[in-house]
Amino acid sequence: MKIDITEHNGAKVFSLSGDIDLYSSPALRKELIFFIGEKVPLLLVDFRDVSYIDSSGIATLVEGLRGMMSHGGKMKLFGIPERIVEIFAFSKLDKVFDICGSLDDAVKD
Amino acid sequence: MVVKIPSHPKYLCIVREVTAKVGHIHGINEDLVEQLKLAVDEACANVIKYAYGGDARKRIVIRYKVDRGWFEVVIEDSGVKADPEAIMGRRLEEVRPGGLGVHFIKRCFDIFEFDGKKKKGNRLRLVRYLKEKDEDRYNGA
């Protein structure tokens with residue numbers, strides 16, 4: 001997994017690519033924890049190039065969401081491939097995460 | 001087919017690739033291949049986390065056997081014995097990190113059972129029936 005971190009209208013954008021699994025999710029967790037510590041108001045996670053996610057990747061995102069909410073921040077996911085949306089839906093997390101179609105949708109409140 | 005990997009998370013991608021290839025070779029549809037890939041990955045990740053407690057120097061053996069009617073995976077380790085009674089995921093309604101892996105395994109496989117006869121370590125047998133009524137054929141095999 002590769003993580004590119006950029007800014008877009010004041011939001012941090014995490015662009016992820018590749019597989020998010022037990023091997024790679026600690027790196028994602030480390031970056032999320034850093035920006036949660038910085039109390040960024042909006043964190044957007046770009047899933048367009050994510051090919052796979054397992055339960056450890058989902059657990060990392062749940063932890064990230066909780067961390068963002070703890071200081072009143074927001075975390076949104078966008079561009080999630082259909083087969084990964086299905087995993088969020090099965091886990092009943094599609095209603096927990098703010099899932100958007102595109103970056104433009106995600107930056108709208 | 002047998003795959004042996006060290007118990008390091010970086011090798012899980014090999015398990016996923018092999019699982020998907022075995023599925024494709026046997027003409028399993030893409031949706032099910034994705035579920036099988038995730039479920040076998042989760043089962044091996046559980047071996048790394050729980051049976052081996054994160055020790056990356058151990059070994060995991062994964063055996064695949066596919067018939068027209070079923071897809072069987074047997075995963076063996078030499079780690080701490082699992083307690084089948086204690087293996088249950090979190091309630092899906094409960095929003096917290098962790099506890100999802102076992103749900104991914106059980107939604108995909110019709111049989112999830114540990115071989116109680118194995119003296120050291122675990123032998124987890126996972127079976128997915130590929131057609132209706134193949135349960136009887138499998139049990140008679």
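**Figure 1. Pairing of strand 3 and strand 5 in chain B.** In this predicted model, B:Glu76 stands opposite B:Arg123, a residue of strand 5 of chain B. The two strands concerned are strand 3 (residues 70-77) and strand 5 (residues 122-129) of chain B, which pair in the antiparallel sense over eight bridges. Strands of a sheet pair through backbone hydrogen bonds, and the pairing may be parallel or antiparallel.

**Figure 2. The open sheet of chain B.** Five strands of chain B form an open sheet in the order 1-2-3-5-4, and the pairing is antiparallel. At the edges stand strand 1 and strand 4 (111-114) of chain B, each of which pairs on one side only. From one strand to the next, the twist averages 15°. Helix 1 of chain B packs on this sheet, where it touches strand 1 and strand 2 of chain B. The direction of helix 1 makes about 165° with that of strand 1 of chain B. Helix 2 of chain B lies across strand 2, strand 3 and strand 5 of chain B. With respect to strand 3 of chain B, helix 2 runs at about 15°.

**Figure 3. Strand 1 of chain B and its partner.** In a regular strand the side chains alternate between the two faces of the sheet. Strand 1 of chain B shows such alternation: B:Val3 and B:Ile5 point to one face and are buried. B:Val2, B:Lys4 and B:Pro6 point to the other face and are not buried. Strand 1 pairs with strand 2 of chain B in the antiparallel sense, over five bridges. Across this pairing, B:Val3 stands opposite B:Ile62 in strand 2 of chain B, and B:Val2 stands opposite B:Arg63 in strand 2 of chain B.

**Figure 4. The hairpin of strand 2 and strand 3 in chain B.** Strand 2 and strand 3 of chain B form a hairpin, with three residues between them. Their pairing is antiparallel and extends over six bridges. Within the hairpin, B:Lys65 stands opposite B:Glu72, which belongs to strand 3 of chain B.

**Figure 5. The two sides of helix 1 in chain B.** Helix 1 of chain B (residues 12-25) has 14 residues. From its first C-alpha to its last, helix 1 reaches 20 Å, close to the 20 Å expected at 1.5 Å a residue. Which residues of helix 1 of chain B are buried? They are B:Leu12, B:Val15, B:Arg16, B:Thr19, B:Val22 and B:Gly23. Seen down the axis of helix 1 of chain B, the buried residues fall within an arc of 135°, and therefore they line one face of the helix. The face turned away from the buried side of helix 1 carries the exposed residues B:Glu17, B:His24 and B:Ile25. After helix 1 of chain B comes B:Gly27, whose phi is positive, near 70°.

**Figure 6. The surroundings of helix 1 and the contact between the chains.** The buried residues of helix 1 of chain B pack against elements of both chains. In chain A the partner is strand 3 (42-53). In chain B the partners are strand 1 (2-6), helix 2 (30-51) and strand 2 (59-66). The contact between the chains takes 21 residues from chain B and 17 residues from chain A. On the side of chain B that touches chain A, the elements giving two or more residues are helix 1, helix 2 and helix 3 (101-108) of chain B. Helix 2 of chain B supplies the largest share of that side, six residues. By type, the residues of the side of chain B that touches chain A divide into 11 nonpolar, two polar and eight charged.

**Figure 7. The open sheet of chain A.** Five strands of chain A form an open sheet in the order 1-2-3-4-5, and the pairing is mixed. Strand 1 (2-8) and strand 5 (98-100) of chain A stand at the edges with a single partner strand each, so one side of each is left without a neighbour in the sheet. The twist in this sheet averages 25° from one strand to the next. Strand 4 (residues 74-78) and strand 5 of chain A run parallel and are joined by three bridges. Here A:Leu77 stands opposite A:Ile99 in strand 5 of chain A.

Key: Residues numbered from 1 in each chain as written. Chains lettered and ligands numbered in written order. Predicted model: local features only at pLDDT ≥ 70, side-chain atom pairs only at ≥ 80, totals over all residues. Helix = DSSP H or I, 4+ residues; strand = E, 2+ residues; numbered from the N terminus. Expected span 1.5 Å × (residues − 1). Buried ≥ 20, exposed ≤ 12 C-beta atoms within 10 Å, placed from the backbone. Arc of directions from axis to C-beta. Contact = placed C-beta atoms within 7 Å. Nonpolar A, V, L, I, M, F, W, Y, C, P; charged D, E, K, R; others polar. Pairing = 2+ DSSP bridges. Axes fitted to C-alpha atoms, helices over the stretch in contact; angles between N-to-C directions.
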